[in-house]
Number of protein chains: 2
Amino acid sequence: MVMMALCVSVSAQKDFTLDDLMGSNAYNVYPKNLYTTWWGNVPCETTPDEVKNLLTGETLVSVEQFNKCLPEKAAYSAHNFQFPYPDQPIVQTEKGNRRVLVNFKTGLVVADVTLPQEARNADFCPASQYTAFTLQGNLYVISAKGEQQQVSHDGSTDGSENILYGTSVHRDEFGIYKGTFWSPDGQQLAFYRLDQSMVPSYPQVDIFPRISQVYVDHYPMAGEKSHEVKVGIYDVRTQRTVWLELEGAADDYHTNLSWAPDGRTLYVFELNRDQNDMRLVAYSTETGKKLRTVLQERDEKYVEPCNPLSFLPWDDTKAVMQSQRDGYNHLYLLDLKNDQVTQLTRGEWVVQDLVGFNTKTRSVIYLGNESDPRRRCVYSLSLKGGKPVLIGEEDGVHSVKLSADGQQVLDTYSSPTIPRSVNLLSTKTGKGKNLLLAPDSWKENGFRIPEITSGSIKADDGTTDLYYRMVKPIGFDPQKKYPTIIYVYGGPHAHNVQASWHWGLRGWEAYMATKGYLMFILDNRGSEWRGKAFEQATFRQLGEVEMRDQMSGVAYLKSLPYVDADRIGVHGWSFGGFMTTNLMCSHPETFKVGVAGGPVIDWKYYEVMYGERYMDTPQANPEGYAKTSLLHKAKNLKGRLQIIYGHNDPTCVPQHTLSFLNACIDAGTQPDLFTYPGEGHNMRGIKQVHLHERITRYFEDYLK
Amino acid sequence: MVMMALCVSVSAQKDFTLDDLMGSNAYNVYPKNLYTTWWGNVPCETTPDEVKNLLTGETLVSVEQFNKCLPEKAAYSAHNFQFPYPDQPIVQTEKGNRRVLVNFKTGLVVADVTLPQEARNADFCPASQYTAFTLQGNLYVISAKGEQQQVSHDGSTDGSENILYGTSVHRDEFGIYKGTFWSPDGQQLAFYRLDQSMVPSYPQVDIFPRISQVYVDHYPMAGEKSHEVKVGIYDVRTQRTVWLELEGAADDYHTNLSWAPDGRTLYVFELNRDQNDMRLVAYSTETGKKLRTVLQERDEKYVEPCNPLSFLPWDDTKAVMQSQRDGYNHLYLLDLKNDQVTQLTRGEWVVQDLVGFNTKTRSVIYLGNESDPRRRCVYSLSLKGGKPVLIGEEDGVHSVKLSADGQQVLDTYSSPTIPRSVNLLSTKTGKGKNLLLAPDSWKENGFRIPEITSGSIKADDGTTDLYYRMVKPIGFDPQKKYPTIIYVYGGPHAHNVQASWHWGLRGWEAYMATKGYLMFILDNRGSEWRGKAFEQATFRQLGEVEMRDQMSGVAYLKSLPYVDADRIGVHGWSFGGFMTTNLMCSHPETFKVGVAGGPVIDWKYYEVMYGERYMDTPQANPEGYAKTSLLHKAKNLKGRLQIIYGHNDPTCVPQHTLSFLNACIDAGTQPDLFTYPGEGHNMRGIKQVHLHERITRYFEDYLK
């Protein structure tokens, strides 16, 4: 067992309130920050009033100066200033549907465009200064001079509630978060056309009008009809749309659209609905015809392309891509002259993000967890060969912004003992200077801070390491026995334990420590940053392996003399709500109290893209769906379980929770319930305080 | 203070379960019953197998005998046998959409008609043996021989989701419960046509299909567009429809359609939307034209016609009607030759129901509470003058069935000490013989039974008597202090305290007594059986006077040494859910725990007919709506309040509860919640057990 402890000297004055941790007071107790941005290769600091050159301290551009250039004020905070051109003194800001670009040397207004009030999905291309946007299902392009064109499909303009142009598709899975993709020169626009007319609508009720109203949300459930996506390319010069001649089935996935630097080829990652056969296909942007299949990747469980190609700035024929093909997410160099793939990084660790390139050293900059699965550190790797160079500290969780030429990064990180550190570093040497080392704002504010540790236990296979965070109650006395709460998420594409400040402690855990609870958080198999086998162990049986790992955590807790085995609770949201309900119903002898938020209850009510990746369809995997459905487990409920959901949750639709209630009623078991009207999958803003007051009260009522 | 105590000797063996009181075991612990019916003037007993002459003990007709007459079995229990003709040996039964009439002397089948599967609102007329029914919004008539006609409106057949022929209208207010009314000879059919196309739809979600589905329920909210009703008269002989030429506004109310014995006149009680101006209007059934306004009744608060005219069997020109015009509901004789009205009953008590007439003695038989507001006794009053004659016991709550000639009643009653008594009585002498005196089934089953008493306190006006029921905990010790729960309804047209068995005890109260709670139930002003001033004290401010009366009850409770003033809870459903939530928020210092079921939260979300009667419209009474809205009181919540609602409640729509939750969330208060998917305003069947387990647990968690 690996054990890393963080002891904070307790100079106790006061306890956290929820308002301190997540409410209106939270900003006062965050660690100090330094807000940075790049103007090309000039590192800058932003404040509400201005952007300053970090090296010279000189003002680059102020809000006052910016607004003076305009007939009507457009900038309200310099934190929103952006510098789209590395080599031009142009600053950009957005306010609502208005976008303004100003030359901050001359004071001339470069562009001042206001989109229609109902416009959505604005996508600005610095190269051409065109903005794409959608309006009532249709797609438009507007120039910096305000000239507007409608992107039409063979002259038709059939955007509607059912047909959506230019929006995100596939419910934001596969790294998709938008629906328009400008070519490098900004003269062509690739876009999605989504037809969801064949997808049933989930009825959501808005209670806020005079009389409640229904609104429909097309929600493709696992095994049911999925929506159909096409890809078009609109040429602004010819005002002509070409449609890619996609092969495969109508409900295949088309992800990570990647423009070749010359704008003549579009690469699309195509995936069958079963998600186990992925092809990277090259299309002519002139004809829409398929040029070739660049590569294919199959997996007996699933392939999940989450990242587009990144072309080398110095070689238009080569791109870096990411793949889990060797069992861990790594970088590969793809030579598009011969479609050869060369592995760049390797090892039993994962690349967490591709940051960019240092053009001068011909290196790729990436984030990875080679030194510890809980970390996210910065590395540079020369494409000419050699070993990765560590940039900055080999600890903590880093976020970086790369300069235009890739020779420097602005690196912000925290580690278990460091609240925040901001640094300007060379990507060649990995060295540089510190710009901010934030003091411990919790200590400064006089809060009593619990002891927070991280370690690992073995899963029941005897070999897999499972990392946990433990938060001991304030005033911990090892002779006492404490009520203990497991916080859990447990689903894919997420983790809870990381080497950031306080090991990634969530505010509520600190709060519960002040109330005398021991908190325990363990990342089970299925969670991210651990490689493909770790993640895919859950395939076709979501919740099963995850629960076994959480029960390994319980066994560890029970081995500790200060954990009261008769007072173990569990709380989680979303996948964690599924886990919480599952644990309460599958291990009623272990868990006395649970609070499940926005839970999945039966995967057949979850959506096609995510659901079928991990569970296949209900038709193909009936035994897996039956085994993992909590409807069948409702009868086992013994402890106190409160389910909380957003009344308008579009992600885990209310049918989950309501079906579970009905199953409990039929079985004579008694869950508790709460709902937040008008809220979605997660509570917003101040409702977080109300929610956590509620969650806390439940444990105080029944676990203490 | 009047105090009437009922002491039950406690020979304790076992405690009630909820299953005993309201679940699958409840039938075993009900008091013994004798099921009775009349064949003309022959009193009969029904059993599952047969109908027997109660005087001779001879079998009149058996299920076996009935079914032998038919090609396919139609009767399953003789409890469903009816005798539509006093002077013919014909027995009728219904099974699903099939109705069969058999001559039980000859064995001949008189009629055997099966309506279409989707038919609704079947209305059989013994005189003509026609059955009216509705199908997908339209209205049909079918003869005993199966000849079917569609009732059309000037040849049109526009029944739909929005246009409904032949159904109940005005949301079953004003005593309306159906939409077809046969003329005495069964050759003409008066019917409602309901147009609800202008009424917004409340969206209800059905969670039981594969993907949840919305269904709409036209729900006219107070102050909003109401539906529009017309009255047609269809002549089966001519197959022609005549429409009444109604005066007044399109959203007026047309209630209590009453046929003149000769079928040439239809009397309609018409009420303006403001419900303070009622006219009884006579129409020609031949032309549909108004003949005259028979009478008019106005009230500065509201008039509420709930009963049709009852014509004297021996004089086609006179009818008995009911009115609260002198402050109490009484009987009046209406002479339609000159439209003169003569008061028949009078006094500070109410007629609770008109039963019928004794043709021989020229008397009217009615139920009234002259001897005690909590009772419902049977009286006969000669129309020739004189004083009412008491029929049967002057105690308890009676239900009666009158013989065809009105000379006898089958009277079933219970009183505080008598579980059930069934009697055959002369309506002339008021005397007769007892047929059943049921033993105490609770004692027989060995249950420990709490002490149940009833008494009265004064309201805060110093004069008004308010009646209560008190249930002392099992094993009551006056030296101890008990947690106390007020059960409340409090709305109009209802009462909780009555002189029936155990003073009207509800099963849950007995259950809570076994758990050590003292239960207290008080009928506040606004409830029924007490006269107009008592009922109308709540006008334009529902909840205000009602709460003051409940707080008078609390003051009385606090004067009792064995009531723990620090542990007072409250529970109620519907109007009682409104009262519970209101009391929790208006008197947070008094009530520690509450459970509110299907509550009204703001009367603007309630429907037009009921809502505007008591509150006027939100436009006309903004201060009243504001004052009584619990949305504004959500911030005051301190104690533990659980709200429970049927997830598909069409009466108190979920917008009530959800709006309250939202107000609480905004205000930072913390109610609790539960909902029953698929259920309406009240839980059905076995869900009552789950519900009351839930309610009980909440008090056990927080009040004990």
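# Exercises on a predicted two-chain model

The C-alpha centres of domain 1 and domain 2 of chain A lie 35 Å apart. The model used throughout these exercises is a predicted one.

## Exercise 1: the domains of chain A

Task: Work out which residues make up the two domains of chain A, and describe how they meet.

Solution. Begin with the bounds: domain 1 of chain A takes in 3–27 + 442–702, whereas domain 2 of chain A covers 152–299. Then turn to the contact, in which 20 residues of domain 1 of chain A touch 15 residues of domain 2 of chain A. Finally, sort the domain 1 side by class, which gives 11 nonpolar, 5 polar and 4 charged residues.

## Exercise 2: the contact between the chains

Task: State how many residues each chain gives to the contact, and find which element of chain A has the largest share on its side.

Solution. Chain A and chain B each contribute 32 residues to the contact. On the side of chain A that touches chain B, the elements giving two or more residues are strands S16 (201–206), S17 (213–218) and S43 (672–676), together with helices H11 (655–667) and H12 (687–702), of chain A. Of these, H11(A) provides the largest share, with 6 residues. Sorted by class, this side of chain A holds 16 nonpolar, 11 polar and 5 charged residues.

## Exercise 3: helix H11 of chain B

Task: Check the length of helix H11 (residues 655–667) of chain B against the expected span, and then decide what covers its buried residues.

Solution. For the length, the expected span is 1.5 Å times one less than the number of residues, and for the 13 residues of H11(B) this comes to 18 Å, which agrees with the 18 Å between its end C-alpha atoms. For burial, the helix is mostly covered, since 11 of its 13 residues are buried; among them are B:Phe660, B:Leu661, B:Cys664 and B:Ile665. The cover comes from both chains, for it includes S43 and H12 of chain A as well as helix H8 (575–586), strand S42 (640–646) and strand S43 (672–676) of chain B. Just after H11(B), B:Gly668 takes a positive phi of about 80 degrees.

## Exercise 4: strand S39 and helix H5 of chain B

Task: Explain why strand S39 (518–522) of chain B can be called largely enclosed, identify its pairing partners, and relate it to helix H5 (residues 507–514) of chain B.

Solution. Because 5 of the 5 residues of S39(B) are buried, the strand is largely enclosed by the rest of the structure. In a regular strand, side chains alternate between the two faces of the sheet. Accordingly, look at each face of S39(B) in turn: B:Leu518, B:Phe520 and B:Leu522 are buried on one side, and B:Met519 and B:Ile521 are buried on the other.

Next come the neighbours in the sheet. S37(B) runs antiparallel to S39(B) and is joined to it by 4 bridges, with B:Met470 as the bridge partner of B:Phe520. S38(B) runs parallel to S39(B), also through 4 bridges, and here B:Ile486 stands opposite B:Phe520.

The helix completes the picture. H5(B) is mostly covered, with 6 of its 8 residues buried, including B:Trp508, B:Tyr511 and B:Met512. Its buried residues pack against S39(B), and also against helix H1 (18–22), strand S37 (465–471), strand S38 (482–488) and helix H12 (687–702) of chain B. Just after H5(B), B:Gly516 has a positive phi of about 95 degrees.

## Exercise 5: an open sheet in chain B

Task: Give the strand order of the open sheet of 4 strands in chain B, and say which strands stand at its edges.

Solution. The order is S20-S21-S22-S23, with antiparallel pairing. Strand S20 (253–259) and strand S23 (290–298) of chain B stand at the edges; each has a single partner strand, so one side of each lacks a neighbour in the sheet. From one strand to the next, the twist averages 20 degrees. As one example of the pairing, strand S22 (residues 277–284) of chain B and S23(B) run antiparallel over 7 bridges, and B:Arg279 stands opposite B:Gln296 in S23(B).

## Exercise 6: two arginines with positive phi

Task: Locate A:Arg171 and B:Arg540, and decide whether each is buried, exposed or partly exposed.

Solution. A:Arg171 lies in the loop between strand S13 (163–165) and strand S14 (180–182) of chain A, and its phi, near 50 degrees, is positive although the residue is not glycine. A:Arg171 counts as partly exposed because it has 18 C-beta neighbours inside 10 Å, where 20 or more would make a residue buried. B:Arg540 sits in the loop between helix H6 (532–536) and helix H7 (544–558) of chain B, with a positive phi near 65 degrees. With 17 other C-beta atoms within 10 Å, B:Arg540 is partly exposed.

Technical notes:
Residues are numbered from 1 along each chain as its sequence is written. Chains are lettered from A and ligands numbered from 1 in the order in which they are written. This is a predicted model: local features need pLDDT of at least 70, side-chain atom pairs count only at pLDDT 80 or more; totals for chains, interfaces and linings use all residues. A residue is buried if 20 or more other C-beta atoms lie within 10 Å of its own, exposed if 12 or fewer, and partly exposed in between; C-beta atoms are placed from the backbone. Two residues are in contact if their C-beta atoms, placed from the backbone, lie within 7 Å. Ala, Val, Leu, Ile, Met, Phe, Trp, Tyr, Cys and Pro count as nonpolar, Asp, Glu, Lys and Arg as charged, and the others, Gly among them, as polar. Domain bounds come from an automatic or database domain assignment. Two strands pair if DSSP finds at least two bridges between them. Axes are lines fitted to C-alpha atoms, for helices over the stretch in contact, and angles run from 0 to 180 degrees between N-to-C directions.
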